[in-house]
Number of protein chains: 2
Amino acid sequence: MSKQKKAVVLVSGGLDSATVLAIAKQQSYRCYALSFSYGQRHVSELVAAANVANAMGAVQHRTINIDMGFIGGSALTDQSIAVPEHASDGIPVTYVPARNTVFLSLALAWAEVLESSDIFIGVNAVDYSGYPDCRPDYIMAYEKMANLATRAGVEGHKIRIRTPLIDLSKQEIIKTGLGLGVDYSQTVSCYAADELGRACGQCDSCRIRKDGFLAAGADDPTIYI
Amino acid sequence: MSKQKKAVVLVSGGLDSATVLAIAKQQSYRCYALSFSYGQRHVSELVAAANVANAMGAVQHRTINIDMGFIGGSALTDQSIAVPEHASDGIPVTYVPARNTVFLSLALAWAEVLESSDIFIGVNAVDYSGYPDCRPDYIMAYEKMANLATRAGVEGHKIRIRTPLIDLSKQEIIKTGLGLGVDYSQTVSCYAADELGRACGQCDSCRIRKDGFLAAGADDPTIYI
C-alpha cells in the first residue's frame, strides 16, 4: 500500500464541509472525518455528516459529544434565542462562541495521535464575514498556536490548517463540489432543519445556499419543509 | 453589589489549579470553575475539583464531558499505556494530546458568554518543561488566537490567559497556596490515584508534589495507598 498522507477533516453535514472532504480526497489524503454533537438544534446535520463521510470514502468518521449547551449564547444551541430570518449587522446571533476553536482543538488532538499534519475546515470568509472565527487572520493565528501546542511543534512535524473554501463564493464552492461528485442532496445547511433534515428555506444559511445553486446554474436538491 | 470582574478558572482537582483558584479569588474575581471529564484514569480528580471549587467560593463549578478517549495517545487516558515511575527525556507519555488547547477553548467559549476577559490556568513551565502546551510561547500564541477567535477580538474586549504559576517552583506554589488558605488535603495530583483519591507515591506527579512539600517545609497532607 502506498503511504498516503492522513488528514483530519471537520465534517458538519453541511454543503461546505462536504465539499472540503471531496477536495481533501482529491488531494489523495486518507481522510479521518470528525463531527460534533454540541447541543445544536439541527441534529439531522449529524445524520448528514455520517452519510457524507461514508459516501466520500472517509477512512473513519467519529462524532465527539460535548455538552456545550450550558454555555449557551447562540441561537444555534439555545432554544430561547430565535433563529433570525434576515441577516443583521455585526456578529450574527447564530455565531456559536468559540466554536471553530473548540472543533479545531479536538481535531488537533486527533491529528497529533494519527501523526497527521493536515486539518481541513470549511470556513468561508465571504458568506460568513460576521463570524470572527472564519477570518484568515484567525486561521493563521490558530495554526501558529497549534504548532506550539503539540509534539509536532516541538519535534518539527508541522501542522497546517487547510481552508480550501476560505475565499470562494457559494457558487464557486458548489461548482467545485459538483465537479468532484459531491451529492449535495445528502447535506443539510439549514439552521432550523427538521428531524428529517428538511430545510426551512428562510434562514440566512438557507438563503445563501439557495442563491448559490441558482448562481451556479445547478439544480437545488434541497428538500424544503 | 459591586461590579466584580468575572474569571473562568480551569480546576482539575490538583494542587496547582487549587492554588490558581485561590489567587484569582484573592485578586477579587468572581470565579467560574471549569473541569473536564475526558476519559482520564484518575476520576477522583473530579471529586477533588468539586470540593476545591466549593471550598474556594467559586460562583459556579461546571464539568464538561468530552469523549476524547477514542483519541488515545496518552498514559493518562489510554489503559494500554503504563504510567511511568520515572521521568524520561522528551515529551512524557503522560502528555495528553492538545489537552490544554481543548480545555482553554471551552473556557474561552464560556468566558465569551459570561463576558469575562480572564481565563486562569495552572500551567507551569518549571516542573512540566516536557509538555509543549505548558510553555510561555504557547500561552502567548493562544492568547493572540483567542482575541481573533471571538467577539472580544472583534469588539475590543480583550481576552487574557492568566498563568500565575508559570515560573514558580512547586515549593513556591505550595507556599503561595498555604498563605491563601488552600487546603491541599482536598487535592489529588497522582496520575494513578485510586477511587478514593489516594496517591501512588511513585509517579512523576507524586514525586514532584512530595518534594514540593518537603522543600516548602510544610506538612504533606497527601494520603498514600
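**Exercise 1. Which residue stands opposite Ala7(A) in β4(A)?**

Solution. The model is a predicted one. Begin with the two strands concerned: β1 (residues 6-10) and β4 (residues 118-120) of chain A pair in the parallel sense over 3 bridges. Within this pairing, the residue opposite Ala7(A) is Asp118(A).

**Exercise 2. Work out the order of strands in the sheet of chain A, and state which strands lie at its edges.**

Solution.
Step 1. Take stock of the elements: chain A has 7 helices and 5 strands. Along the sequence they follow the pattern β-α-β-α-β-α-β-α-α-β-α-α.
Step 2. Put the strands in their spatial order. The open sheet has 5 strands in the order β3-β2-β1-β4-β5 (chain A), with parallel pairing.
Step 3. Find the edges. β3 and β5 (160-162) of chain A each pair on one side only, and these are the edge strands.
Step 4. Add the twist: on average, neighbouring strands of this sheet are turned by 25 degrees against each other, direction ignored.

**Exercise 3. Describe how α1(A) and α3(A) pack on the sheet.**

Solution.
Step 1. For α1(A), list the strands touched: β1, β2 and β4 of chain A. The direction of α1(A) makes about 170 degrees with that of β1(A).
Step 2. Do likewise for α3(A), which touches β1, β2, β3, β4 and β5 of chain A. Its angle with the direction of β1(A) is about 160 degrees.

**Exercise 4. Is Ser35(A) buried or exposed?**

Solution.
Step 1. Locate the residue: Ser35(A) belongs to strand β2 (residues 30-37) of chain A.
Step 2. Count neighbours and apply the cut-off. A residue is buried if 20 or more other C-beta atoms lie within 10 Å of its own. Ser35(A) has 23 such neighbours, so it counts as buried.
Step 3. Look at the surroundings. Beyond its neighbours within four places in sequence, Ser35(A) has contacts that include Val11(A), Leu46(A) and Thr63(A). His61(A) is 26 residues away from Ser35(A) in sequence, while their C-alpha atoms are 7.6 Å apart in space.
Step 4. Set this beside the whole chain: 54% of the 225 residues of chain A count as buried.

**Exercise 5. Check the length of helix α7(A) against the expected span, then describe its surroundings.**

Solution.
Step 1. The expected span is 1.5 Å times one less than the number of residues. For the 13 residues of α7 (residues 204-216) of chain A this should come to 18 Å.
Step 2. Compare with the model: the end C-alpha atoms of α7(A) are 18 Å apart, which agrees.
Step 3. Note the buried residues of α7(A), among them Asp204(A), Cys206(A) and Arg209(A). Their cover includes α1 (15-26) and α6 (170-179) of chain A.
Step 4. Look just past the helix, where Gly217(A) takes a positive phi of about 65 degrees.

**Exercise 6. What relation holds between chain A and chain B, and through which surface do the copies meet?**

Solution.
Step 1. A turn of 180 degrees with a shift of 0.0 Å along the axis lays chain A on chain B with an RMSD of 0.0 Å. This is the relation of a two-fold axis.
Step 2. Ile66(A) is the residue of chain A that comes closest to the rotation axis, at 2.5 Å (C-alpha).
Step 3. Across the interface, 37 residues of chain A are in contact with 37 residues of chain B. On the side of chain A, α3(A) gives the largest share, 9 residues. This side divides into 22 nonpolar, 7 polar and 8 charged residues.
Step 4. Because 100% of the interface residues of chain A are also interface residues in chain B, the copies meet through the same surface.

Note on methods: Residues are numbered from 1 along each chain as its sequence is written. Chains are lettered from A and ligands numbered from 1 in the order in which they are written. This is a predicted model: local features need pLDDT of at least 70, side-chain atom pairs count only at pLDDT 80 or more; totals for chains, interfaces and linings use all residues. Helices (H or I, at least four residues) and strands (E, at least two) are DSSP runs, numbered from the N terminus. A residue is buried if 20 or more other C-beta atoms lie within 10 Å of its own, exposed if 12 or fewer, and partly exposed in between; C-beta atoms are placed from the backbone. Two residues are in contact if their C-beta atoms, placed from the backbone, lie within 7 Å. Ala, Val, Leu, Ile, Met, Phe, Trp, Tyr, Cys and Pro count as nonpolar, Asp, Glu, Lys and Arg as charged, and the others, Gly among them, as polar. Copies are superposed by least squares on the C-alpha atoms of residues with pLDDT of at least 70 in both. Two strands pair if DSSP finds at least two bridges between them. Axes are lines fitted to C-alpha atoms, for helices over the stretch in contact, and angles run from 0 to 180 degrees between N-to-C directions.
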